[in-house]
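Colleague: I have a model open in front of me and would enjoy going through its helix packing and its chain contacts with you. Shall we take a look?

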2 protein chains.
Amino acid sequence: MENMQQIYFTPGPSQLYPTVRDHILQALEEDIPSLSHRSEKFHTIVKDTYDSLRELLDIPKDYQIFFTASATEAMERIIQNCVEEKSHHFVNGAFSKRFYQIALDLKKSSTQTVASTDHIFDFTPTNPTDAELICLTHNETSVGTSIPTEKLNTDKLLSENRKPRTENRNPLLSLDIVSSVPSVALDYTKLDCVFFSVQKGFGLPAGLGVLIVSPRAMVKAKQLYEQGHNVGSYHKFGTLYEQAQKFQTIETPNVLGIYLFNKVLHDMLETGIATIRKETEEKAALLYDHFDSHPSLTPLIPQNTPSWRSQTVIVIKTPIGSRAIIQHLKTKGFTIGSGYGDQKEHQIRIANFPAHAIKDIKTLLSNF
Amino acid sequence: MENMQQIYFTPGPSQLYPTVRDHILQALEEDIPSLSHRSEKFHTIVKDTYDSLRELLDIPKDYQIFFTASATEAMERIIQNCVEEKSHHFVNGAFSKRFYQIALDLKKSSTQTVASTDHIFDFTPTNPTDAELICLTHNETSVGTSIPTEKLNTDKLLSENRKPRTENRNPLLSLDIVSSVPSVALDYTKLDCVFFSVQKGFGLPAGLGVLIVSPRAMVKAKQLYEQGHNVGSYHKFGTLYEQAQKFQTIETPNVLGIYLFNKVLHDMLETGIATIRKETEEKAALLYDHFDSHPSLTPLIPQNTPSWRSQTVIVIKTPIGSRAIIQHLKTKGFTIGSGYGDQKEHQIRIANFPAHAIKDIKTLLSNF
C-alpha cells in the first residue's frame, strides 16, 4: 500500500501537470540543465515565457515580469521596493500573516486588519488610507478562502471619501495569487504587484516564483532608490528590470524551472484559459456540493458566503480528526493535505488545480 | 553538427554529474516534485544532506548549513547579517566585484582592495583592519584565479600587529567557493561564511545555493538583530537557523534540487573526496601543461605564479579571437565557455569539475 501510485491533491507542491514528466525528459535530451543562462537559447526561452504568461493571464504590455526564487521572496522584494514607511495587510491566514511579518522584519511601521473568525473581511471606510501599499492574499492556501475579485480595487477597499487612484498617488495594491493562478481572472490594471510560485496551479516542481509589477510600482521603486533607501541589492526592482530587458537575471536562475514553466504555459494556451477556468469551477462545485451535503465533514468557509469560498483549495473540517481520513485515502491512491499549522489534525485540504482531472475528483469523492 | 551530443566544459551551468540523469528519473518515480516540504520524507532528505555535506567537506559540527536560491543570494544574506557598517572586499573579478556592489547597495560603507592587473593580491599589513567582515573569492570564475588556501586566514590577511582572531572579535571571514567546491580542501575553523551554488562543481541543475555559517557569524547576526538592525526577513540567519533545526525552510524550496544534491553527495562520498581532489589536480595539470606549451593560446594566469592558478576554471587568452575556437570544438562535441563579460571575444574558459572525465579532457585537448 505504501508504494501505491498516488494522485496528489495536496495544496502545493501538488500533482504535476500531466505533461511535465515528458518535458523533463525532453529537457534532458536538450541538455537544458547544462544550458548557460547567458546563451541566446536561454534568452529566447525567457522572452517566450514572458510573452506566453502575458497572453495566458492577460497582463498589460507595460507591466514587468520578474523571476524570483519563491513567492516568499516576492513578498520581501515588494516591501523593499514599494514601501518607505508603511504597508497595510489584510490578514486572514498564515500567508497573509507572513507578508505582514516580512514588512515588520524590514523595519516598516506596517499595520494589519485581521479577518473575522470566519476568515472574511468587512472592507469598510474604517480601513487605513495612509499606507503606501495595501497587501491582499487572493486565495489563502491555509484556510481555503478567496477574496471576491470585484473587491480587488483600492478604491473599493478604502474610504469612499478618498480621491480615486491616479497615476502618481498611493496606495499601491499587492495581490498574492499563489494558489489561485491561473484559474483566477484578474483586471491587472487595478493591481500593482502580483505574485505566485509555480508548484501550485501550474503543477511544476517548486523553486521558482514570478512577480508582475505595474508602471506605478516601478515609479515608486525608482523614487525610493533615488532617495537613497535600502531597496535590496541584486533583486531590487531596478536591477530586475535592467536584466529582464535582456531576458536575463543577475544570478544563475533555476534554468530548468523556467524551461518547464515555459512548456506548461504553452500547454495551457493550447487548452485555452477559458476551458481551464470553466473546469476549475465545475470541479469546485463538485467538491463543495459533496461536502455541503456530507453528514460530518463540512467546508470551513460556510455555504452562506459562497463568494468567499476558494475555488482552488477546499478546506474541510474533520470533527473525527484528519489523520484516519488521510491514511484511508492514501490506500486508495490519493494524497490529500492535512490542515495548516495548528489545524493539522482538525482539517483536511483538497487542491483543485488544472492538473487535477474531473474524473479523479469524482473518484476521490467516491472514496470519502 | 548543431545537434551533435555535447560534453559541456562551460564554467557553470556545466556538464551534469554522470549520475544525475538517473537520479532525475528516480525522482519522478518517487514523485519527488509533488513531495511536501513539510513531510517527514523531505525532512529526512534535508537532514541527510546536511550530514553528507558535512562529511564530504569536513565541516565542523557547530557550523550551520543553510539553503539559499543562489550564491548571489548568499552574498546578500551575509552582508545583511554580518555587517553593521563595513565589510572589506578583495576584488579580482566579476564575482568578487558583485559581492562588493551588494554591500554598497545595502548601504554599507564597504571598502575594496583591487587586485593587480595579473589578478593577484599582495596581502600586506596595509589592508584595512577595521572591517567587520572580510570577503574573499577563493576561485574567481571570471578570470580563472584561485587564492592559495594557506592565505585564507584573517590573521595572515591583516597586519601582523593585530591581535589574533578570538571568539568574539572581528573581523569575520567570508569565502566564495562557488567554482572550487568540492575540489578545494579548507580549514573551516578559520572561516565564518562559506557559500556556493550547485551547478558548478556538483554538476547539478542550477537553482540552489548553500551557505555555511560559523558560530561566530551566528553570534554577530544575533547581535545585529537584537540591536534592531535590518537583517532581512524570511532568510535572516535567525530564521534560517530555526528552520534548519527542523530540517525545513520558510518558503517552499527547490525540493527537487535538494533531492538531487543529496544523491550526488552520496555518489561523491562513495568515490571519496581524496580521489576527486587527486583527479582534479591531474586534470588541471593536463590542461595547464597543454597550454603552457601551446604556440599561441596561453593561460591568463602565468606560469610564474602557479599557486594562483585555478584548478577548476582554466582561462586561456585567444589572440586570434575566441569565436572560431568555440565553434570548431562544438563540431567535435565539446562546448567550452567564452571569456567573461568584455573578454568574451578574447578568452576561452574550460571548467575542470568532478563531472569531467580525464579521457574527455584528453580528447578535448587533442582537438585544439
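Modeller: Happily! One definition before we start: axes are lines fitted to C-alpha atoms, for helices over the stretch in contact, and angles run from 0 to 180 degrees between N-to-C directions. Please keep in mind that this is a predicted model.

Colleague: Thanks, that helps. How do the axes of helix α2 and helix α8 of chain A cross: oblique or roughly parallel?

Modeller: Helix α2 (residues 40-57) and helix α8 (residues 255-271) of chain A have axes that come within 9 Å and cross at roughly 40°. Angles under 35 degrees would count as roughly parallel, and 65 to 115 as roughly perpendicular. The crossing of α2(A) and α8(A) is therefore oblique.

Colleague: And what is the handedness of the crossing of α2(A) and α8(A)?

Modeller: From α2(A), the residues in the contact include A:Phe42, A:Ile45, A:Val46 and A:Leu53. Among those they meet in α8(A) are A:Val255, A:Ile258, A:Phe261 and A:Leu265. As for the handedness, the crossing of α2(A) with α8(A) is left-handed.

Colleague: By class, which residues make up the contact of α2(A) with α8(A)?

Modeller: A:Asp48 and A:Glu55 are among the α2(A) residues that take part, and A:Asn262 and A:His266 are among those of α8(A). Counted by class, the contact has 12 nonpolar, 4 polar and 2 charged residues.

Colleague: Over in chain B, at what angle do α2 and α8 cross?

Modeller: Helix α2 of chain B covers residues 40-57, and helix α8 of chain B covers residues 255-271. α2(B) passes α8(B) in a left-handed crossing. Their axes come within 9 Å, and the crossing angle is roughly 40°.

Colleague: Staying in chain A, at what angle do α3 and α6 cross?

Modeller: A:Gln80, A:Asn81 and A:Cys82 of α3(A) meet A:Ala217, A:Lys220, A:Ala221 and A:Leu224 of α6(A). These residues divide into 4 nonpolar, 2 polar and 1 charged. The axes of α3(A) and helix α6 (residues 215-226) come within 7 Å, and they cross at roughly 65°.

Colleague: Now the chain interface. What area is buried between chain B and chain A?

Modeller: The size of an interface is often given as the accessible area lost when the parts come together. Here 50 residues of chain B are in contact with 50 residues of chain A. Carbon and sulfur atoms give 54% of the buried area, which is about 4,100 Å².

Colleague: Which three residues of chain B supply more of the area it buries against chain A than any other three?

Modeller: Together, the three supply 13% of the area that chain B buries against chain A. They are B:Pro13, B:Leu28 and B:Ser34.

Colleague: What kind of peptide bond joins B:Gly12 and B:Pro13?

Modeller: B:Pro13 is found in the loop between β1 (7-9) and α1 (20-29) of chain B. Most peptide bonds are trans. Omega between B:Gly12 and B:Pro13 is about -5°, and the bond is cis.

Colleague: Where in chain B is B:Pro182?

Modeller: B:Val181 and B:Pro182 are joined by a cis peptide bond, with omega about 0°. B:Pro182 lies in the loop between β8 (172-176) and β9 (193-197).

Colleague: How many salt bridges does the rule find across the interface of chain B and chain A?

Modeller: One salt bridge pairs B:Glu76 with A:Arg77, their closest N and O atoms being 2.9 Å apart. Over all chains the structure holds 28 salt bridges. B:Glu76 lies in helix α3 (residues 71-82) of chain B and A:Arg77 in helix α3 (residues 71-82) of chain A, so this pair joins two chains. Across the interface of chain B and chain A, the number of salt bridges is 4.

Technical notes
Residues are numbered from 1 along each chain as its sequence is written. Chains are lettered from A and ligands numbered from 1 in the order in which they are written. This is a predicted model: local features need pLDDT of at least 70, side-chain atom pairs count only at pLDDT 80 or more; totals for chains, interfaces and linings use all residues. Side-chain values use heavy atoms; hydrogens and water are left out. Helices (H or I, at least four residues) and strands (E, at least two) are DSSP runs, numbered from the N terminus. A crossing is left-handed if the near helix is turned anticlockwise from the far one by less than a right angle, and right-handed if clockwise. Angles under 35 degrees count as roughly parallel, over 145 as roughly antiparallel, 65 to 115 as roughly perpendicular and the rest as oblique. Contact means heavy atoms within 4.5 Å. Ala, Val, Leu, Ile, Met, Phe, Trp, Tyr, Cys and Pro count as nonpolar, Asp, Glu, Lys and Arg as charged, and the others, Gly among them, as polar. Buried area is the accessible area (1.4 Å probe) that two parts lose on being put together, summed over both. A salt bridge is a side-chain nitrogen of Lys or Arg within 4 Å of a carboxyl oxygen of Asp or Glu.
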